[in-house]
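Q: I have a structure open beside its sequence, and I would like a close look at one part of it. Could you walk me through a single helix and the charged pairs around it?

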Amino acid sequence: AVVSTQSTGTAVRKQIRVEEEEDAAQLKFPAAFKNADALLVSEVHMLLKVRQEQHEMDDDDTDLSKVFENTLKYTAKFSFYQNRETIKAVREMLQTKNLHKFEAASLANLCPDNYEEAKALIPSLEDKFDDEELNELLEDLKTFKDLTQ
């Protein structure tokens, strides 16, 4: 939104750009995220593993950064889906549910235990699913999660 102001005593007008308020709970994101994809932690882990393997194959004697190593450890700990086929199946299943990409990634990454937890963590789900329907979706996610553990 653009707000126009006019200073008193002069004919000078200036425009002030007012940023829309960001609110993930209402799926309001900055314009920079409009075309961005939301990755699953499992996808990030796979990308980091590939980078680590490339680094090990190089003749480079430098170590990977501490941030890289810590991020790799974090993603290993919270990666619920261990192979590409499972990740693809999870994404395909979630795409059939009319979810925003943020909601889909959040559900897959958080794996809430029940509809109450899901709606508390992802408030935008409140009006999208009835409780039983959301529990069924969460059970499907749990099945994918159990396949890789």
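A: Happy to! A good place to begin is Glu43, which has a relative accessible area of 16% and is therefore buried, since buried means under 20%. Please keep in mind that this is a predicted model.

The partner of Glu43 is Arg91: their side chains form a salt bridge, with N and O 2.8 Å apart. Because Glu43 sits in helix α1 and Arg91 in helix α3, this pair ties together parts that lie 48 residues apart in sequence. Arg91 has a relative accessibility of 26%, so Arg91 counts as partly exposed.

That brings us to α3 itself. Helix α3 covers residues 84-95, which is 12 residues. At 1.5 Å a residue it should span 16 Å, and its end C-alpha atoms are indeed 16 Å apart, so the two values agree. Where the helix starts, Asn83 lends a hand: one of its side-chain oxygens comes to within 3.2 Å of the backbone nitrogen of Glu85.

Now look at which residues of α3 are hidden. Thr86, Ile87, Val90, Met93 and Leu94 are buried. Viewed down the helix axis, the buried residues of α3 fall within an arc of 130°, so they line one face of the helix. Their cover includes α1 (41-57), α4 (101-110) and α6 (131-147). Helix α1 thus appears twice in this story, because it helps cover the buried residues of α3 and also holds Glu43, the partner of Arg91.

Turn to the other side of α3 and you will find Arg84, Glu85, Lys88 and Gln95 exposed. Lys88 has a relative accessibility of 53%, and its side chain meets that of Glu92 in a salt bridge (4.0 Å, N to O). Glu92 and Lys88 are four residues apart in α3, so about one helical turn separates them. Glu92 is partly exposed, with a relative accessible area of 43%.

As background, side chains of opposite charge can pair when their charged atoms come close. In this model the count comes to five salt bridges. Another of them joins Glu126 and Lys119, whose closest N and O atoms are 4.0 Å apart. Lys119 counts as buried at 10% relative accessibility, whereas Glu126, at 44%, counts as partly exposed. Through shared partners, salt bridges link Lys119, Glu126 and Asp131 into one network.

Note on methods. Residues are numbered from 1 along each chain as its sequence is written. This is a predicted model: local features need pLDDT of at least 70, side-chain atom pairs count only at pLDDT 80 or more; totals for chains, interfaces and linings use all residues. Side-chain values use heavy atoms; hydrogens and water are left out. Helices (H or I, at least four residues) and strands (E, at least two) are DSSP runs, numbered from the N terminus. The expected span of a helix is 1.5 Å times one less than its number of residues. Buried means under 20% relative accessible area, exposed over 50%, partly exposed in between (1.4 Å probe, protein chains only). The arc is that of the directions from the helix axis to the C-beta atoms. Contact means heavy atoms within 4.5 Å. A polar contact is a pair of N or O atoms within 3.5 Å; within protein, one must be able to donate a hydrogen and the other to accept it, and residues adjacent in sequence count only if both atoms are side-chain atoms.
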